[in-house]
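Here are my notes on the model you sent. Please read them with the structure open.

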Amino acid sequence: MTSTRALLRRLLPLGMILVLALAACTPSAPPSSQTATQPTPAARDLAEDEKLRVVATTSIVADVVAQVGGDRIDLVTLLPLGADPHAYTATPQDLRTLNQADLIFINGLGLEEALMPALGTLDSAAPVVSVNAAVTPLAMDGEHAQDAGAQDAHEHAEGDPHTWFDVANVILWTGTIRDALSRLDAAHAAEYATAAEQYTATLAELDAEIRARIDTLPPARRKLVSDHAEFNYFARAYGFEVIGAVIPAISTMAEPSAQQLAVLHDQIAAAGVPAIFVGTTVNPRLEEQLAQDLGIEVVTLYTASLSAADGPAPSYVDLMRSTVDRIVTALGSRE
Ligand SMILES: [Zn+2]
């Protein structure tokens, strides 16, 4: 908890919204829906044509920040493509990058659990902003909390971090990013507002496109099994049932017991689910074994990291399109 407290001290200039969003082990009140009353942090005086130095943790967060900040910011993505955000720890170069930043965006809600200690020890005064500050997180359910053990339940008292699987949440990220950039670089607030508005329209179109694609899948087939419990927001937003996960926790930093795997095996067989979905950021060993035992497919998805520029998920919008397409194709394939 020491690192969390240190981080919270650094967040105080940004006001209670972020504190509520990030505070582990504190009963969360619903985040306030407005940001206008937040005190303004002391902005570094930018020379004309000087850009804000912005760091984002995951490639997904970075893409949404880039959509709003555009050419007005110098953006560095901390995690390499394919890195597991739950497990990633800071390198010495990362610490230098973070210390030179004017503003740091994180997913928050405990996603970057292995990175948080480093964020708590920075020398810089850069605000650390959770893009989820305006999102109401889903609580972990009791079953997952028990399955994952007391330590995991403790670390994730803030809720499920996989918010980006509901496009409506990323629309909220866009507003939070716009406000944070505008507070530190008020001279370009109008540009950030315009970009945020355009990207919000793009996201609304994406949401409609996802719903239309899922409409082609019979409701009885909308059942998900994944590597860890990352599809709770997706299931709620788009009408799927989560049958289970190989790691029955919202973090990848856990191991399932043999008994848990046996139970999941039976649940998959009973539900008749034809595929296990595995993110590109995890080792698929257990999933492949289970799928082989059941005679079903393992389908790879871009879930927690974008792909390279020439891959199927070089942006958040492409990630969602690719994920939904692969899910609908895999679940619709069995007669
Ligand atoms: Zn995850």
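1. Burial comes first. Of the 335 residues in the protein chain, 54% are buried. Keep in mind that this is a predicted model.

2. Next, the surface. The protein chain exposes about 14,200 Å². Carbon and sulfur atoms supply 53% of that area.

3. On secondary structure, the protein chain holds 12 helices and eight strands.

4. Now the contacts along the chain. Take those in the protein chain with a separation of 6 or more: 67% of them link residues 24 or more positions apart.

5. One sheet deserves a closer look. It is open and built from four strands. Their order is 2-1-3-4, and the pairing is parallel. Strand 2 (73-77) and strand 4 (128-130) are the edge strands, each pairing on one side only. On average, neighbouring strands of this sheet are turned by 25° against each other, direction ignored. As background, strands of a sheet pair through backbone hydrogen bonds, either parallel or antiparallel.

6. Look at one pairing within that sheet. Strand 1 (residues 52-56) and strand 3 (residues 103-106) run parallel and are joined by three bridges. Which residue in strand 3 is the bridge partner of A56? The partner is F105.

7. Finally, a helix packs on these strands. Helix 3 (residues 59-69) lies across strand 1, strand 2 and strand 3. Against strand 2, helix 3 runs at about 170°. Strand 2 is also one of the edge strands of the sheet, while strand 1 and strand 3 are the two joined by three bridges.

Key:
Residues are numbered from 1 along each chain as its sequence is written. This is a predicted model: local features need pLDDT of at least 70, side-chain atom pairs count only at pLDDT 80 or more; totals for chains, interfaces and linings use all residues. Side-chain values use heavy atoms; hydrogens and water are left out. Two strands pair if DSSP finds at least two bridges between them. Axes are lines fitted to C-alpha atoms, for helices over the stretch in contact, and angles run from 0 to 180 degrees between N-to-C directions. Contact means heavy atoms within 4.5 Å. Buried means under 20% relative accessible area, exposed over 50%, partly exposed in between (1.4 Å probe, protein chains only). Accessible areas come from the Shrake-Rupley method with a 1.4 Å probe; for residues, only the protein chains shown count as cover.
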